[in-house]
Amino acid sequence: RIRNSNYKEMKQVKIKSLEVTNFKGQTFKSDFDCDNVCISGKNKSGKSTHIKAWLWLLTGLTDAVNNKNHELYDNTKEITQDTPTAVVEAIVNIDGYDYTIKRTSTASFSRKRNEETYTKDASDKYVTYIDGVEYKANDFKDWISANLCDSDVLPYALYGEFFANLTIDDMDKASKLLESLV
């Protein structure tokens, strides 16, 4: 259950499935058919990728230190124009209604006029969808805040490394954030 500051009562939120395609070089689909799920496995089996995919889907962040979309593609390969699009898609049930939430990232390249070679752009092309409808970044953030919880709190609630770094940087802010999460 998640308490949303816009509502008096807690919302019932259940992740039904998470599908990852070419995200951090991994592709998998996980279905969550029960109320409590434990993701376990050997080192390098994808446990962290599950949480980072979920985090990126809802917040656009993947790394607590580098607050950009960090390492979305396969780190073992050079990013080229042929790099496959990274996609994370989840079906989430919120108070009895299913929503399909999806985020994609495509490596962006451009070339200067009269030149043949392409250069990697500083930013990639990111697109977010809810139930197949494309949302602008701010509208998506507003939807997440209205339907799940404050999107500024999500990185700290979902991934402990964000909270640990915040605590080191600003103890008072971390304390207030922890109060809001509780």
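Two strands count as a pair here if DSSP finds at least two bridges between them. The model shown in these views is predicted.

**Figure 1. Strands β3 and β5 pair in the antiparallel sense.**
Eight bridges join β3, residues 13-23, to β5. Val13 has Ile94 of β5 as its bridge partner. Thr21 is likewise matched with a residue of β5, namely Val87. Seven of the nine residues of β5 are buried, so this strand is largely enclosed by the rest of the structure.

**Figure 2. The whole protein has five helices and 10 strands.**
The protein has 182 residues, and 35% of them count as buried. Among contacts with a separation of 6 or more, 53% are between residues 24 or more positions apart.

**Figure 3. Six strands form an open antiparallel sheet.**
The strand order is β4-β3-β5-β6-β9-β10. The edges are held by β4 (26-31) and β10 (133-135); each has a single partner strand, so one side of each is left without a neighbour in the sheet. From one strand to the next, the twist averages 20°. Strands of a sheet pair through backbone hydrogen bonds, either parallel or antiparallel.

**Figure 4. The hairpin of β3 and β4 has two residues between its strands.**
These strands pair in the antiparallel sense over five bridges. Ser17 stands opposite Asp31 in β4. In this hairpin, Lys24 takes a positive phi near 55°. Asn22, which is placed in β3, also has a positive phi, of about 60°, although it is not a glycine. The relative accessible area of Asn22 is 25%, and a residue counts as buried under 20% and as exposed over 50%, so Asn22 is partly exposed.

**Figure 5. The hairpin of β5 and β6 has two residues between its strands.**
Strand β5 covers residues 86-94 and strand β6 covers residues 97-106. Nine bridges join them in the antiparallel sense. One of the matched pairs sets Asn93 against Asp98 in β6. Asp95 takes a positive phi near 50° in this hairpin.

**Figure 6. Val127 lies in strand β9.**
Val127 has a relative accessible area of 7%, so this residue is buried. Leaving aside neighbours within four places in sequence, Val127 is in contact with Lys102, Arg103, Thr104 and Glu134. Val87 is 40 residues from Val127 along the chain, and the C-alpha atoms of the two are separated by 9.6 Å. Val87 is also the β5 residue that has Thr21 as its bridge partner.

**Figure 7. The second largest pocket is lined by 18 residues.**
About 330 Å³ of space lies in this pocket. Thr59, Arg103, Ala137, Phe140 and Lys141 are the lining residues that lie nearest the pocket centre. Arg103 is also among the contacts of Val127. The elements that give two or more residues to the lining are α1 (47-59), β9 (125-130), β10 and α2 (137-147). With four residues, α2 gives the most. By residue class, the lining divides into eight nonpolar, five polar and five charged.

**Figure 8. Asn114 lies in the loop between β7 and β8.**
Strand β7 spans 109-110 and strand β8 spans 119-120. Phi of Asn114 is near 65°, a positive value in a residue other than glycine. At 77% relative accessibility, Asn114 counts as exposed.

**Figure 9. Ser45 is found in the loop between β4 and α1.**
The relative accessibility of Ser45 is 43%, so this residue counts as partly exposed. Gln26 is 19 residues from Ser45 along the chain, and their C-alpha atoms are separated by 9.9 Å.

Note on methods:
Residues numbered from 1 in each chain as written. Predicted model: local features only at pLDDT ≥ 70, side-chain atom pairs only at ≥ 80, totals over all residues. Heavy atoms only, no water. Axes fitted to C-alpha atoms, helices over the stretch in contact; angles between N-to-C directions. 1 Å grid on protein atoms, 1.4 Å probe; cavity = no way out; pocket = protein on both sides within 12 Å on 5 of 7 lines; lining within 4 Å. Points joined across faces, edges and corners; volume = space filled by probe spheres on them. Nonpolar A, V, L, I, M, F, W, Y, C, P; charged D, E, K, R; others polar. Buried < 20%, exposed > 50% of the residue type's maximum accessible area, 1.4 Å probe, protein only. Contact = heavy atoms within 4.5 Å.
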